[in-house]
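This report goes through a single chain from its interior outwards to its charged pairs. Please keep the sequence and the coordinates to hand while reading.

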Amino acid sequence: QVQLVESGGGLVQPGGSLRLSCAASGSIFSGIVMGWYRQAPGKQRDLVATITSGGSADYADSVKGRFTISRGNARNTVHLQMNSLKPEDTAVYYCNARLPNGLTLRWGQGTQVTVSS
């Protein structure tokens with residue numbers, strides 16, 4: 001069973017940067033899609049970015065050009081580099097692992113990102 005642990009959240013001023021990391025352990029299957037989602041207070045959990053086992057990335061329109069998802073050099077890691085952060089990026093960010101058919105295998109615990117001056 002896949003287990004996910006996020007880290008790297010914190011408080012940053014508008015225009016600043018943060019790098020989130022997700023460490024995965026357990027059974028990792030070929031074809032698993034890794035992603036980042038976020039949930040702001042009072043709102044639904046929304047997709048931020050995904051990356052396939054082959055390295056193809058996809059992004060929500062709201063973060064294109066500012067965020068970059070990547071697989072880490074270490075085994076079973078994924079990162080989200082967040083630049084030019086805006087107050088509306090404030091949310092709890094969750095790492096996600098899912099099958100190619102869309103079925104989620106595991107959610108991480110979440111890491112808080114707060115963008116405020």
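Which residues does methionine 82 touch, not counting residues up to four places away in sequence? In this predicted model, methionine 82 touches Gly16, Ser17, Leu18, Leu20, Arg66, Phe67, Tyr93 and Val113, where contact means heavy atoms within 4.5 Å. Because the model is predicted, local features need pLDDT of at least 70 and side-chain atom pairs count only at pLDDT 80 or more, while totals for chains, interfaces and linings use all residues. Residues are numbered from 1 along each chain as its sequence is written, and side-chain values use heavy atoms, with hydrogens and water left out.

**Nonpolar core**

Met82 is also one of the residues with the most contacts inside the largest nonpolar core, a set of 28 residues, and it shares that listing with Met34, Trp36, Leu80 and Tyr93. A nonpolar core is here a set of buried Ala, Val, Leu, Ile, Met, Phe, Trp, Tyr and Cys residues joined through side-chain atoms within 4.5 Å; buried means under 20% relative accessible area, exposed over 50%, and partly exposed in between, with a 1.4 Å probe and protein chains only. The strands that each supply at least two residues of this core include β3 (18-25), β4 (33-39), β8 (77-82) and β9 (91-98), strands being DSSP runs (E, at least two residues) numbered from the N terminus.

**Polar contacts**

Serine 21 has its place in strand β3, and its side chain is joined to that of histidine 79 by a polar contact of 2.9 Å. A polar contact is a pair of N or O atoms within 3.5 Å, of which, within protein, one must be able to donate a hydrogen and the other to accept it, and residues adjacent in sequence count only if both atoms are side-chain atoms. Leaving aside neighbours within four places in sequence, serine 21 is in contact with Val5, Glu6, Ser7, Trp36, Val78 and His79.

Arginine 45, in the loop between β4 and β5, makes a side-chain polar contact of 3.5 Å with the side chain of glutamine 39. Arginine 45 counts as partly exposed, at 31% relative accessibility.

**Salt bridges**

Side chains of opposite charge can pair when their charged atoms come close. The structure holds three salt bridges, each defined by a side-chain nitrogen of Lys or Arg within 4 Å of a carboxyl oxygen of Asp or Glu.

| Salt bridge | N to O distance |
|---|---|
| Arginine 38 and aspartate 89 | 2.9 Å |
| Lysine 64 and aspartate 61 | 3.0 Å |
| Arginine 66 and aspartate 89 | 2.8 Å |

The bridge between aspartate 89 and arginine 66 ties together parts that are 23 residues apart in sequence, because aspartate 89 lies in the loop between β8 and β9 and arginine 66 in the loop between β6 (57-59) and β7. Arg38, Arg66 and Asp89 are linked in a network of salt bridges. Arginine 38 counts as buried at 14% relative accessibility, arginine 66 counts as buried at 11%, and aspartate 89 is buried with a relative accessible area of 1%. In the pair outside this network, lysine 64 is partly exposed at 47%, whereas aspartate 61 is exposed at 65%.

**A loop residue**

Serine 84 is found in the loop between β8 and β9 and has a positive phi of about 50° although it is not a glycine. Serine 84 counts as partly exposed, at 41% relative accessibility.

Note on methods: Helices (H or I, at least four residues) and strands (E, at least two) are DSSP runs, numbered from the N terminus.
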